[in-house]
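I am keeping these entries as a reader who is new to this structure. I will go through its sheets, a strand, some charged pairs and a cavity, and write down what I looked up.

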Amino acid sequence: MERMSEIRNVLPVSLFIWAVFHLLSGCTQTEVVDGPQLPEEGKEVQATFHLNVLANRDSQTRSIAFTADGTVDTDSIPVNPKDTVVTKATTALPDAEESGIAHLWIGQYDADGSCIFNQYFSVITGNEVDVRLKDSGGKEHHIWFVANTSDLGKIETEAVLQKHVLTYSSEEDGLPSNRLCGMVGSWSGPIDEGGVENINVDLTRLVAKISFAYLIGGTDFSFTPTSVTLNSVPDRYQIKAPVNQLTADMIYKTYNGTAGKDGATMYWYLPENMAGTVSGENAVKSDKKKTGKGVTNATYIELTGQAVQSGVTYENVRFRFYPGSNENNYDIERNSHYTMNVTLAGIDITDERITVGTIPPVEITPGNMPARVGGEKELQITARPGQPWMIKLPDWLSAQVKDKNLTVPVSGSISYQGPAQLLFKAETANPKAETRTFSFPLTITGDEQTIEIVQDGSTLEAGGSISLGAVSGSEGSSTFTATKGLPWRAVLSDGSWLTWASSNPGTSNDTATGENQNLIVRATASNPYAKERSVNITLEGGESIGSLDYHNLQKNISVKQVASKVTCPSNPVVVTAEGGNNATSSFTATSGLLWQAAVSEENKWIGLTGQMAGTTTNEPQNVTFNVPVNPNSSLRNGTIAVRVGDENEGPTGTIAVQQGASSLTVEDNTTPLEPTVGTTATLGFTGTKGLSYNIVCPDWLEFTNGTTGTTTGSRQAIEYKTNSVNKNKEARSGEILVKAGNMEDKTVVTQKASVFTVEPITVNLPSSESTAELTISGTLGLSWELTKLDGSADEITAEPVTGDLAGTSQIVTINVPKNEEGARSANFIISVTGGNLTHSVTVKQAALSALDVEINQNVLGSYYAQLMVNSGCSWTTHPPFDKEGTNMASSHGITNVVLSSTPTMTGSYVIQVQRTQKSGYATNSNTKAYCEGLTEDGFSDWRLPTMIELKAIYDQKATIEAEPDVAPFLGNDYWTSSKNPSGYCTVYFTDGHYYYNTVGGICLGRCVRDKK
């Protein structure tokens, strides 16, 4: 069995001792052989250790760029492959696994190095360990911790433990077995009988980590990897880090990776390999020479594949990288992280880490040599050192051996040994448009090759056509471009009206510049026609010059002389409607041509004056004419024809003439007139000067300063006003028409609708005798009349029945007597005399209802009589009109109240009794709130009755309860709003006597409202 000591969540000490005792008491000695082995003498003491895994040392980061020119870029190069491919280990172990502790072996060694205790924990659950160690008696003991390897058992001495060798194993994906890194750590100190608490122990990983990433970069270089391997990987490591490589039974392995064409990143975990640091004759000063010379079994990475550089493909190219900390160090140290970021940018033949397996045959750079003189072509000779070769040059080609300061002229020979880069140069331009070729045999790789240098054919390109002005002396130019060094000439095909300009740079040369070259020509005569005419310039180059058979380097440039033209104004000459004399326009035309102006029959209203023919110049030329007054109300248009040059084929133009139409404009009247009499406004109009006008208006308007006259050409204004009031509810409108000459225009004039109001239009009166008022108001000047409609109650009357609105409102009084029968109503029509403004008024008087209780002198007598019956009740203790301490008699129109054996008062009023009632007994304030929140029969102005009102209700109790759909009175005492000194007055509905109740007492409630 295993002991309970382990990495914890720690049990309390007392519980821990009990648990150990309990477990051991049920086991035999054989079952606990894996527990700690303690000598018989000595004492166990408690020890607690905190394990801390040291971070990887990252000082060995290497970023290397392989270049084509032999330089090494040592700056840090970020690794971010475009497409990271899958390797044996596509990602590194997570931090939790790199630093995780799953198994732990602990050994205690005394001051002599002898083992006195060891224990193996197969399961670890944290970073704190509790263990029972041996009391060291005040001496310093050494405690060793080995994690994630195996049970080391008892190793007799500390020296043997330090040299103990473990076999390293990995999973198929290249990560450590169980995905955990082996670790080792130790602590030294005395262990006394009081125990050891909270000791920190640093653990160091037994393996190193390599992060390898490569990118393909550089210009004109590519690399297609076929394999990537980690080589010389030891399979064992020692508990204590060795100074040199381990030798006993060591096996060196190779780890494979998966390479990607765009780059890849991969991770390896491996035991330390102390291959050493070279010095002396094997020491180097550059990473280029770090090849492993002087060491054995040094760990390295090898990348193999195909390289293409400067268009040449090399097979079986190998790049080899030794991690280490510098160019002479080859050690792989435990718990170190070696990061290698590699950029492959070319093959440097001075870099000894690069091996090229196959040298390609000679290849000439793609493309042809340019046709121009001085055209160049490069050739890389890939001969092995010492191998001779020779080239015989033609009569148009020279060559240079680059970097050797050796130039061979045309028709010369090149004799050389070993690799070389040649630069061929054309000493003459290709005289034809077709390619020309120089070929020669070359034996480099054992087989004879035929190398061809092809020169492009020459070109001759003509520019665009030349356009000359129509007049004599006009000049124009075009360009041509010929291959640099090519002979050329230019010839005019017709010289009758065209020649070379004095500024023309030339018509032939032995060598073209290869750039645009100008050709300038001049017209010797004006173009006599309205159409263009043309001739050609013939261009010849190289072997096409003067040849009757070869025309492949021949082009034409067209020279065109534009047509003569006449230009007249694009806009017409505008003449006012009143007409005018000596109007003028002008035209321009090709100078030196005859011209004439004429008017067609339909345009005879335009009279030409002054010069009508002549010869064109460089200046505009005038045409003068007269135009009479336009007799029409619309525009009229005409033209004057101008002909220039040849009588039949010369260009023509037209001068447009436009005469304005006579006009008449009447301004819109957008502001409506007021509906009253005498509202004034102004009519504005404008007509062509000299027109007679006449104005017509509606009969409800009149003008104050005439309706006829003559237009002035400027705005004219005439005042008008309303002569009657608008008696209608709609605005009225009419048209004011103005006639001038054969034209007319009009504007709409509007008079606002009149305003006529009657308020209110519905009157509800109580059953008692009462009155109401109607207020009539409206537009000044309206007359009105009131009509009572058939079917209306005769008892309902109104006065007065007619009236005139003179700026203030008028009152109509409605009178009704007391209604002792059913509900009755009357309908009235109040309308504007002579108009359509009208209002309907409905007057309704309510029927006498049992729910309507009148408070009058009779009720006052009944109230007072009950006071005499009830002992203890008085005017002050049971006030009749009191509401919450306020006498409400005057607010109901009651005056002159006298209490005596024959009480009297002046006035009366009616209240409406609630059809239902609040259920149950409640306090006065609760009942009051109920009434104030009540809505019944469409009314919401309910309240508690006063004392005299509740007495009146009691007197009519039987009549009220006999009314249909009325709730009977429930119970006895009913609240009022009248206060007595100690509470509120109540009426006892059994016999009608008065009573009072305290503020906190409870009674029934029946709400009332004032009848309006």
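**Entry on two open sheets**

I began with an open sheet of four strands, whose order is S57-S59-S63-S61 and whose pairing is antiparallel. At the edges of this sheet I found strand S57 (756-759) and strand S61 (797-799), each with a single partner strand, so one side of each has no neighbour in the sheet. Direction ignored, neighbouring strands of this sheet are turned by 20° against each other on average. I should add here that I am working from a predicted model.

I then followed the pairing of S57 with strand S59 (residues 770-778), which are antiparallel and joined by four bridges. Within S59, I found Thr775 opposite Glu759.

Next I turned to an open sheet formed by three strands, in the order S66-S71-S75 and again with antiparallel pairing. Its edge strands are S66 and S75, each of which pairs on one side only. Here the average turn between neighbouring strands is 35°, direction ignored. Looking at one of its pairings, I noted that strand S71 (residues 909-913) and S75 run antiparallel and are joined by three bridges. Val913 has Val1008 of S75 standing opposite.

**Entry on strand S47**

Before I looked at this strand, I reminded myself that in a regular strand the side chains alternate between the two faces of the sheet. Which side chains of strand S47 (residues 636-644) point to one face and are buried? I listed Arg636, Gly638, Ile640, Val642 and Val644 on that face, whereas Asn637, Thr639, Ala641 and Arg643 point to the other face and are not buried.

I also looked up the strands that pair with S47. Strand S43 (residues 594-598) is joined to S47 by four bridges, and the two run antiparallel; in this pairing, Ala598 has Ala641 of S47 as its bridge partner. Strand S48 (residues 652-659) pairs with S47 over eight bridges, also in the antiparallel sense, and I found Ile655 of S48 standing opposite Ile640. Taking these entries together, I note that Ile640 belongs to the buried face and Ala641 to the other one.

**Entry on salt bridges**

I counted through to a total of 26 salt bridges in the structure, and I followed several of them in turn.

The one between Lys1011 and Asp852 took me back to the three-stranded sheet, and its side chains meet at 3.6 Å, N to O. Since Lys1011 lies in the segment after strand S75 (1008-1010) and Asp852 in strand S66 (residues 852-855), the pair ties together parts that are 159 residues apart in sequence. Is each partner buried or partly exposed? Lys1011 has a relative accessibility of 23% and therefore counts as partly exposed, while Asp852, with a relative accessible area of 10%, is buried.

A second pair, Lys957 and Glu961, has side chains that meet in a salt bridge at 3.3 Å, N to O. Both residues lie in helix H7 (residues 957-962), where they are four residues apart, about one turn of the helix. Lys957, at 23% relative accessibility, counts as partly exposed, and Glu961, at 27%, is also partly exposed. After this pair I looked up a network, in which Glu302, Arg318 and Arg320 are joined by salt bridges that share partners.

The last pair I followed is that of Asp235 and Arg236, whose side chains meet in a salt bridge at 3.5 Å, N to O. I found both Asp235 and Arg236 to be buried.

**Entry on the second largest cavity**

How many cavities of 30 Å³ or more are there? I have four in my notes, and I looked into the second largest, which holds about 70 Å³ of space. Strand S13 (236-238) and strand S16 (273-277) are the elements that give two or more residues to its lining. The largest share, three residues, comes from S13.

The lining of this cavity is made up of 13 residues, and those that lie nearest its centre are Gln245, Leu246, Met250, Glu272 and Asn273. When I sorted the lining by character, I had seven nonpolar, four polar and two charged residues.

Terms used: Residues numbered from 1 in each chain as written. Predicted model: local features only at pLDDT ≥ 70, side-chain atom pairs only at ≥ 80, totals over all residues. Heavy atoms only, no water. 1 Å grid on protein atoms, 1.4 Å probe; cavity = no way out; pocket = protein on both sides within 12 Å on 5 of 7 lines; lining within 4 Å. Points joined across faces, edges and corners; volume = space filled by probe spheres on them. Nonpolar A, V, L, I, M, F, W, Y, C, P; charged D, E, K, R; others polar. Salt bridge = Lys/Arg side-chain N within 4 Å of Asp/Glu carboxyl O. Buried < 20%, exposed > 50% of the residue type's maximum accessible area, 1.4 Å probe, protein only. Pairing = 2+ DSSP bridges. Axes fitted to C-alpha atoms, helices over the stretch in contact; angles between N-to-C directions.
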